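Here are a few short exercises to work through with the model open beside you. Try each task before reading its solution.

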Amino acid sequence: GTVMAVGSAASIGQAMGLPLKDHLVEKAPNGTEQRLTNDQFYIPGSVLTARFDNTLPLAYGMSDKGYIFFDDSPVFNRDPNSPVKASKVAWFDSKKPLYSGWAVGQENLDGGELATEASIGAGKLVLLGLEATFRATPHGTYKLFFNGLYYGSATPTTL
């Protein structure tokens, strides 16, 4: 089967064994990681630019660059040495991703992952940290949502 989590629910990925960490953290003086404060990072509902790997089934039909609605959404870092194989589907590749709205600390998003998919056991885990279904704002990101619904039950084929 497929587990799909959208928006803040995407934080379930860690609990399900994905090698994800919160991207929006900093090192505290004692060496531990702590979440950025609202003075350092706050985006309550804006449209941002992001990159998509449209060679992956989850992003089929999408452009390689597009717009997403971000509403205090989870942003991930992935451990590349993890035994769980996961694919980066959507991410930020700019220190200034703001397209419309306002943002405090938008440079902290650079390199962070927004959408991830992985095979766990016989199933699929699809994490869409971005608000892929929020009203009509992210019309282009609906593809991520619907591709994710069908991806888990898809049968591999050769063309």
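The exercises below concern a predicted model, and they move from the whole chain to its aromatic rings.

**Exercise 1. The fold in outline**

Work out how many helices and strands the protein chain has, and in which pattern they follow along the sequence.

*Solution.* Start by counting: the protein chain has 2 helices and 11 strands. Next, read along the sequence, which gives the pattern β-α-β-β-β-β-β-β-β-β-β-β-α. Then turn to the overall dimensions. The radius of gyration is 15 Å, close to the 15 Å that the globule rule gives for 159 residues, so the protein chain is as compact as a globular protein of that length. Finally, picture a box along the principal axes: the C-alpha atoms fill roughly 50 × 35 × 20 Å.

**Exercise 2. Inside, outside and charge**

Find what share of the residues is buried, and describe the contacts, surface and charges of the protein chain.

*Solution.* Begin with burial: of the 159 residues, 40% are buried. Now take the contacts with a separation of 6 or more; 67% of them join residues 24 or more positions apart. For the surface, the accessible area is about 8600 Å², and carbon and sulfur atoms hold 52% of it. Last come the charges: there are 13 positive and 15 negative ones, and their mean positions lie 5 Å apart.

**Exercise 3. A pair across the sequence**

Among the aromatic pairs, classify the one made by Y67 and Y99, and decide how each residue stands: buried, partly exposed or exposed.

*Solution.* The structure holds 5 aromatic pairs. A pair of aromatic rings is described by two values, the distance of the centres and the angle of the planes. For Y67 and Y99 the centres are 4.3 Å apart and the planes meet at 45°, so this pair is tilted. The pair links distant parts of the chain: Y67 sits in strand β6 (residues 65–70) and Y99 in strand β9 (residues 98–100), 32 residues apart. For accessibility, the cut-off for exposed is over 50%. Y67, at 44%, therefore counts as partly exposed, whereas Y99, at 53%, is exposed.

**Exercise 4. Phenylalanine rings**

Classify the pair F145 and F146, then name the residues of the aromatic cluster.

*Solution.* The ring centres of F145 and F146 are 5.2 Å apart and their planes stand at 80°, so the pair is edge-to-face. F145 has 21% relative accessibility and counts as partly exposed; F146, at 44%, also counts as partly exposed. To finish, locate F41, F70 and F92, which form one aromatic cluster.

Key. Residues are numbered from 1 along each chain as its sequence is written. This is a predicted model: local features need pLDDT of at least 70, side-chain atom pairs count only at pLDDT 80 or more; totals for chains, interfaces and linings use all residues. Side-chain values use heavy atoms; hydrogens and water are left out. Helices (H or I, at least four residues) and strands (E, at least two) are DSSP runs, numbered from the N terminus. The radius of gyration is taken over C-alpha atoms; the globule rule is 2.2 Å times the number of residues to the power 0.38. Buried means under 20% relative accessible area, exposed over 50%, partly exposed in between (1.4 Å probe, protein chains only). Contact means heavy atoms within 4.5 Å. Accessible areas come from the Shrake-Rupley method with a 1.4 Å probe; for residues, only the protein chains shown count as cover. Lys and Arg count as positive and Asp and Glu as negative; His and the chain ends are not counted. The place of a charge is taken as NZ of Lys, CZ of Arg, CG of Asp or CD of Glu. Rings of Phe, Tyr and Trp (its six-membered ring) pair if their centres lie within 6.5 Å; planes under 30 degrees apart count as stacked, over 60 as edge-to-face and the rest as tilted.
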